[in-house]
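Colleague: I am new to looking at protein models. Could you walk me through this one, please?

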Amino acid sequence: MSAFPEHLDVEAIRADFPVLARTVRNANPLIYLDSGATSQKPAAVLDAEREFYERHNSAAHRGTHLLGEEATDVYEGARAKVAAFIGAEAGEVVFTKNATEAINLVAYAMSNAASVPGAGRFRVLPGDEILITEMEHHANLVPWQQLSERTGAILRWLTVTPDGRLDLENLDRMITGRTKIVAVTHQSNVTGTVPPVAEIARTAHEKGALVLADAAQSVPHQPVDVATLGVDFLAFSSHKMLGPYGIGVLFGRAELLAAIPPFLTGGSMIETVRMEGSTFLPPPQRFEPGVPPAAEAAGLAAAVDYLSGLGMSRVAAHEESLTAHALDALREINGVRVLGPDTTKDRGGAVAFEVQGVHPHDVGQVLDELGIAVRTGHHCAWPLHRTLGVQASTRASFYVYNIHAEVDALAEGIRYAQRFFGARQ
Ligand SMILES: Cc1ncc(COP(=O)(O)O)c(C=O)c1O
């Protein structure tokens, strides 16, 4: 580790990520500033998946043979590890395909609750309300639009201030006695804004509403404890936190998971099956139909170990210093507007910006020619872009392996793009 124990040893970290050794366009070294879309994977994660396939590969929770037992141990071990990482019990962690599926699971369970005795708290009736925000990724927006269409519930949303914060002035009025669920991001993938989820959860609970936090951009980047947040459900994806694709997490409070009906059905989630009907296993298995993604779980467990070894507070501090540097560097470029908060207070390391007079796709292409990978477009947050007055933006997002020199290269690249396209500087 570093000579300064409070700092990450980024040089050592970079050596753990094989992809960072490669060159990209024009033989430039790779500057990967797109971790908000998906993170790179350390060798430990790749090794864990490979080891699973080489030594233990078989169907978890199905085989009675040794390999089957080992696969089950790997899968359930990963569940326990993920649970500890977010301050939950193992039985409160459901493995899904990704954050998107985790959110859909709750939204579909709510409409499926219509016919289930004992699931009254989840039942959504015409005229009930669902509260989301304008800041949401489509993954935490479209499923709630669909739930409102299926049930006749009214979709309402909190708006965003011009500096990219949630407008909470009317929070108390927006959550009513008819609000069934409040679904809010814990860190915006565009502006980096970190809304006060614990405060929102308190107000929601006072009015009897459930609370789901979309933690796809927070669990990878800051310490997250579900009890401190006080949420009922939390969704995130492995692939954004150094882990493999194909596995995500839904945390649900134990008594809530026990009360909700399944979303996807089939093998592995049933208790008994007759031709006339079936009964289901208790959670979390009730929500995990099909052969489980045990190799992916092994990779995710290795990612959790890796992040825990670094320490999530140090991860957050490292990203804060990169974000501060980026905000300073972009502020100095005429014709560049950062979307969202211009300080690091309650803000994570996603920095979306507009370069006046240059289309984001052109900015992205010029940066790519220099070896700098950023995301361009609406980043699956179209309504938020409209509110902030742009169709699209360029986004740099940081993680444990990024260094300040890469932020400088980004700023230099933006200046180059401005010159290249004759934009005002
Ligand atoms: C804030 C946020 N929520 C949800 C998602 C969806 O994640 P996934 O595509 O892994 O399901 C993303 C992905 O970009 C995101 O940034």
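The talk below turns to the ligand and to the empty spaces in the protein.

Modeller: Happy to! This is a predicted model, where local features need pLDDT of at least 70, side-chain atom pairs count only at pLDDT 80 or more, and totals for chains, interfaces and linings use all residues. Residues are numbered from 1 along each chain as its sequence is written, and side-chain values use heavy atoms, with hydrogens and water left out.

Colleague: Which side chain has an N or O atom 2.5 Å from a nitrogen atom of the ligand?

Modeller: Start with the residues around the ligand, meaning those with a heavy atom within 4 Å of it. Among them are Asn98, Thr100, Asp214, Gln217 and His239. A polar contact is a pair of N or O atoms within 3.5 Å; within protein, one must be able to donate a hydrogen and the other to accept it, and residues adjacent in sequence count only if both atoms are side-chain atoms. The side chain that reaches the ligand nitrogen at 2.5 Å belongs to Asp214.

Colleague: How far does a polar side-chain atom of His239 lie from an oxygen atom of the ligand?

Modeller: Here the partner on the ligand is an oxygen atom. Gln217 also places a polar side-chain atom 2.7 Å from a ligand oxygen. For His239, the distance is 2.7 Å.

Colleague: In which pocket does the ligand sit?

Modeller: On a 1 Å grid over the protein atoms alone, a cavity is a set of points where a 1.4 Å probe fits but cannot get out, while a pocket is an open set with protein on both sides within 12 Å along at least five of seven lines; lining residues have an atom within 4 Å of a point. A molecule sits in one if more than half of its atoms lie within 2 Å of its grid points. By that rule, the ligand's place is the second largest pocket.

Colleague: What volume does the second largest pocket have?

Modeller: Grid points are joined across faces, edges and corners, and a volume is the space filled by probe spheres set on the points. The largest pocket comes to about 230 Å³. For the second largest pocket, the value is about 180 Å³.

Colleague: Which residues line the second largest cavity?

Modeller: The count gives 2 cavities of 30 Å³ or more. The largest has about 60 Å³, and the second largest has about 40 Å³. Lining the second largest cavity are Thr96, Glu101, Leu105, Phe263, Leu264 and Phe287.
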